Amino acid sequence: MKRLRFLLNCLLLLPLLLIFTLESLLKLFIPKKRKSVTGEIILITGAGHGIGRLTAYEFAKLKCKLVLWDINKHGLEETAAECKRLGSKAHAFVVDCSNREDIYSSAKKTTKAFLPEMMRNNHGHIVTVASAAGHTGVAFLLAYCSSKFAAVGFHKALSEELAALKRTGVKTTCLCPNFVNTGFIKNPSTSLGPTLEPEEVVNRLINGILTEQKMIFVPSSISFLTVMERIFPERFLAILKQKINVRFDAVIGYKIKEQ
Ligand SMILES: NC(=O)c1ccc[n+]([C@@H]2O[C@H](COP(=O)([O-])OP(=O)(O)OC[C@H]3O[C@@H](n4cnc5c(N)ncnc54)[C@H](O)[C@@H]3O)[C@@H](O)[C@H]2O)c1
């Protein structure tokens with residue numbers, strides 16, 4: 001009886017599904033308004049290189065106050081100097097983000113420490129950098145995929161919790177790119193397209209943050225693959241994965257490409 005009532009309630013939701021689907025389609029053609037972040041405090045972890053560094057530069061151009069964390073002092077100092085040259089205030093701290101004590105003693109500010117303050121003010125934005133590997137399993141990336149699935153789960157649960165607590169002023173964004181050309185993964189390739197340039201990923205990230213997008217896939221086609229993975233038969237997916245042909249140096253027997 002309970003199940004029947006649930007099914008009936010779901011059927012009654014169908015008109016809403018239609019309306020919201022049409023709304024989403026319509027929104028694809030309307031440019032989204034970007035929020036202003038001038039003067040906001042932005043903490044970036046891993047700011048000494050790659051995606052973190054370029055993100056810092058973009059927020060520096062938007063005249064934000066930057067707090068930059070990285071384990072690599074030299075890279076961090078270079079990023080901070082460039083942010084200052086771009087006209088923003090930048091404070092750099094050598095922090096090992098895998099070390100809880102280091103984080104607390106360095107700044108007493110992690111997501112956990114930030115969140116109560118953000119929730120009290122109902123204002124803020126938490127960005128989780130995950131990966132396409134946070135949605136699909138990749139051979140020989142066992143630990144990496146596990147941590148990225150956890151990052152996606154963290155983002156989703158946090159978003160739900162903020163909504164449940166009616167703290168909708170605290171926004172969340174999760175970045176899930178395919179391989180990016182930062183040197184983080186050696187000689188990556190897939191038949192989905194060329195390895196992404198970090199500038200392209202950071203442009204999508206900044207735009208996603210300023211337009212308060214929840215999930216950013218780069219390239220966008222990754223989102224179709226995540227849906228396929230849920231509905232297509234396993235044998236078909238195995239063939240599809242062969243065609244996508246994910247390669248990088250860590251794959252056993254894979255010959256290093258000529259540079
Ligand atoms: N490059 C890719 O192909 C790719 C693809 C998808 C997702 N990502 C994700 O994007 C993020 C950034 O990757 P990237 O390509 O810019 O890497 P990167 O190697 O270019 O930069 C990472 C930075 O993080 C710093 N760092 C590493 N460990 C740290 C620690 N424990 N504490 C503080 N700082 C630390 C490094 O010193 C470095 O400056 C990562 O979370 C990565 O998983 C990267």
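Okay, let's start at the ligand: helices α3 (50-61) and α7 (142-164) each put at least two residues into the shell around it. Keep in mind that this is a predicted model.

So which residues come nearest to the ligand? The shell has 23 residues, and the nearest are His49, Asp70, Tyr144, Val180 and Thr182. By type, the shell splits into 11 nonpolar, 9 polar and 3 charged residues.

Now the polar contacts. On the backbone side, an N or O atom of Ile71 sits 3.2 Å from a ligand nitrogen. Asp96 uses its side chain instead: an N or O atom there is 2.9 Å from a nitrogen atom of the ligand. And then Val180, which we just met among the nearest residues, has a polar backbone atom 2.7 Å from an oxygen atom of the ligand. As for coverage, the ligand on its own has 830 Å² of accessible area, and the protein covers 79% of that.

Let's zoom out to the domains. The chain is divided into domain 1, 35-112, and domain 2, 123-248. Measuring over C-alpha atoms, their centres are 22 Å apart. The contact between them takes 12 residues from domain 1 and 17 from domain 2. Where does the ligand lie relative to the two domains? Both of them give residues to its shell, so the ligand lies between them.

Back to α3 for a second, since Thr55 is in that helix. Is Thr55 buried or exposed? It's buried, because its relative accessible area is 7%, and the cut-off for buried is under 20%. Beyond its neighbours within four places in sequence, Thr55 is in contact with Ile44, Val202, Leu205 and Ile206.

Last topic, backbone oddities. As a reminder, most non-glycine residues have a negative phi, and most peptide bonds are trans. Here's a cis one: the bond joining Val218 and Pro219, with omega at about -5 degrees. Pro219 is in the loop between β6 (215-218) and α9 (222-231).

Then there are two positive phi values to look at. Lys63 has phi near 60 degrees without being a glycine. You'll find Lys63 in the loop between α3 and β2 (65-70), and with a relative accessible area of 41% it's partly exposed. Asn187, also not a glycine, has a phi of about 50 degrees. Its loop runs between β5 (170-177) and α8 (198-210), and Asn187 is buried, at 16% relative accessible area.

That's my tour, thanks.

Technical notes
Residues are numbered from 1 along each chain as its sequence is written. This is a predicted model: local features need pLDDT of at least 70, side-chain atom pairs count only at pLDDT 80 or more; totals for chains, interfaces and linings use all residues. Side-chain values use heavy atoms; hydrogens and water are left out. A residue is near a molecule or strand if one of its heavy atoms lies within 4 Å of it. A polar contact is a pair of N or O atoms within 3.5 Å; within protein, one must be able to donate a hydrogen and the other to accept it, and residues adjacent in sequence count only if both atoms are side-chain atoms. Accessible areas come from the Shrake-Rupley method with a 1.4 Å probe; for residues, only the protein chains shown count as cover. Helices (H or I, at least four residues) and strands (E, at least two) are DSSP runs, numbered from the N terminus. Ala, Val, Leu, Ile, Met, Phe, Trp, Tyr, Cys and Pro count as nonpolar, Asp, Glu, Lys and Arg as charged, and the others, Gly among them, as polar. Domain bounds come from an automatic or database domain assignment. Buried means under 20% relative accessible area, exposed over 50%, partly exposed in between (1.4 Å probe, protein chains only). Contact means heavy atoms within 4.5 Å.
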